[in-house]
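Welcome! Take a moment to look over the sequence and the 3D view below, and then we will walk through them together.

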Amino acid sequence: MTEARVGSFGVYGGRFVPETLIPALEELERGWREALADERFRAELHELATTYAGRPTPLTLAERFAPGKRIYLKREDLLHTGAHKLNNALGQAVLARRLGKRRIVAETGAGQHGVASATVCARFGLQCVVYMGEEDMRRQRPNVERMRLLGAEVRAVDFGTRTLKEATSEAIRDWITNVETTHYLIGSCVGPAPYPELVAELQSVIGREAREQVLAAEGRLPEAVVACVGGGSNAIGIFHGFLDDPEVRLVGVEAAGAASLRSGRTGVLHGARSSVLADEDGQIADAHSISAGLDYPGVGPEHAYLRDSGRAEYVTATDEEALAAFRDLARTEGIIPALEPAHALARARDLDAELVVVGLSGRGDKDLAEALAALRPDGK
Ligand SMILES: *Cc1c(COP(=O)(O)O)cnc(C)c1O
C-alpha cells in the first residue's frame, strides 16, 4: 500500500491503494486536468446536462411543509433517473471515453448510482458491470430491474453486511484486475485521489445553480444550506456553491446509525483517509440506516476536513425522523422524497434559521415498499 501526497484535504484524502493502481490513478488525474482545461469537454458536459439530464433543476419553496420558514428544495429528484448521481456519472463517462476505456465498473448501494452508471453506459455504448450487495438488491428490487433493462450486468455481493461497503471492495478488486480496459466509476466523493475532488467538481453544478436561484427568488443568501451525507457527494456539490459565503451555515445530516463524521474516528477505508466508523483496532464497523444510500461506514475526506475546520457542521437524524419527514413532504407538498434527503428535511425544519435551502437529492419511488412497511405499524 502506498500513500501519495496529492489530493489531500488537510490530513484527509490521499491514496491508500495497491501499487498496481497508482498508474491508473495518475492517468485519471492527468486526463481530468486536461479535460477541465478543454473548452470542448465543458461544452459537451453542458450540452448533455441541458438536453439529456434536465438541468437546471428547479428550486421549489416548500411553504406548507414548514410554515413560518422559507425552506427551498433544490430538486435533484427531477433530474433524469431521479437523483443527483447522474451529474457525476455523465461527467465520468465522458472522461472514460476520452481515456479510451470502453468498460465501466461501479458499485451501488441504493441502486441509484448503478442506474445512473447503466444509463450513461447505454447512452455512450460502454460495457457496464455493477456490484451490489444482496441485502441492497432485496431492498431496491426496481433499481436492479432498471439496470438490467439498461443493459448492465448486476453482480450480487454475498459476504459481510451484503451492502455498499462490500460492493465497493468488489468493484475495486475488479478494477485492479482489469485496469487497462476499465474505468472505475465511483459513485460518491470518496476513494483515492483524484476521485473526491473530481466528483465534487462534477456535483458542484447543484450549488452553483442553487445559489443563483435563491438570490433570484429572495434577493439574499440563505442562512443555511442543509443536505444529507452518505458518501457526501450531493452535500459537497451543494456546499461548494456557498463555501465562499461564510455567513451561510453548511449543515450535513447523517443517518444516526451511520454517522461517520459524528461518531467516527480517523481511519482508512476504500483508498482514502477520512472519518470512519471503526472500533479501537481500526476494524470497520457496520452502519445501519433505513436508507440504503446512507448505509455506509465512511464519508468523503473533504467533509472530514470541513468538519475539523468548522466551516461545516454535521448532525444526525434517526430512521423515525426521516420517515416522518418523508410522509410529511408527500402530504404537504405533493413531493415524495427519497429516504436519504428525508434526513435533511427532518433537520431543516427544526433548524434555528428562517431561510434555508435543502438539497432534495432524489425521489422516493425506490423507497416506497421499505418506507410503507416501516410506517404501517402506526396505522398511518
Ligand atoms: C446515493 C444517494 C445519496 C447518498 O450519496 P451521497 O454521495 O452522500 O450524496 C443521497 N441521496 C440520494 C437520493 C441518493 O441516491
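## Around the ligand

The model you see is predicted. A good place to begin is the ligand, which has 16 residues around it. Closest among these are K85, S188, G232, S233 and S361.

What kinds of residues make up this shell, by class? Polar ones account for 11 of its members, joined by three nonpolar and two charged residues. The shell also brings two parts of the protein together: domain 1 (8–47 + 85–195) and domain 2 (55–83 + 204–378) each supply at least three residues.

## Polar partners

Now zoom in on some side chains that face oxygen atoms of the ligand. In S233, which is also one of the closest residues, a side-chain N or O atom is 2.7 Å from a ligand oxygen. For N234, a polar side-chain atom lies 2.8 Å from an oxygen atom of the ligand. H84 joins in as well, with an N or O atom of its side chain 3.0 Å from a ligand oxygen.

How much of the ligand does the protein bury? On its own, the ligand would expose 380 Å², and 97% of that is buried by the protein.

## The space it occupies

Where does the ligand sit? Its place is the largest cavity, one of five cavities of 30 Å³ or more found across the whole structure. This largest cavity has a volume of about 380 Å³.

Its lining is made of 33 residues. Nearest the centre of the cavity are K85, G187, S188, G231 and G293. You may recognise K85 and S188, which are also among the residues closest to the ligand.

Technical notes. Residues numbered from 1 in each chain as written. Predicted model: local features only at pLDDT ≥ 70, side-chain atom pairs only at ≥ 80, totals over all residues. Heavy atoms only, no water. Near = heavy atom within 4 Å. Polar contact = N/O pair within 3.5 Å; in protein donor to acceptor, adjacent residues only side chain to side chain. Areas by Shrake-Rupley, 256 points an atom, 1.4 Å probe, with all protein chains shown as cover. 1 Å grid on protein atoms, 1.4 Å probe; cavity = no way out; pocket = protein on both sides within 12 Å on 5 of 7 lines; lining within 4 Å. Sits in = over half its atoms within 2 Å of the grid points. Nonpolar A, V, L, I, M, F, W, Y, C, P; charged D, E, K, R; others polar. Domains from an automatic or database assignment. Points joined across faces, edges and corners; volume = space filled by probe spheres on them.
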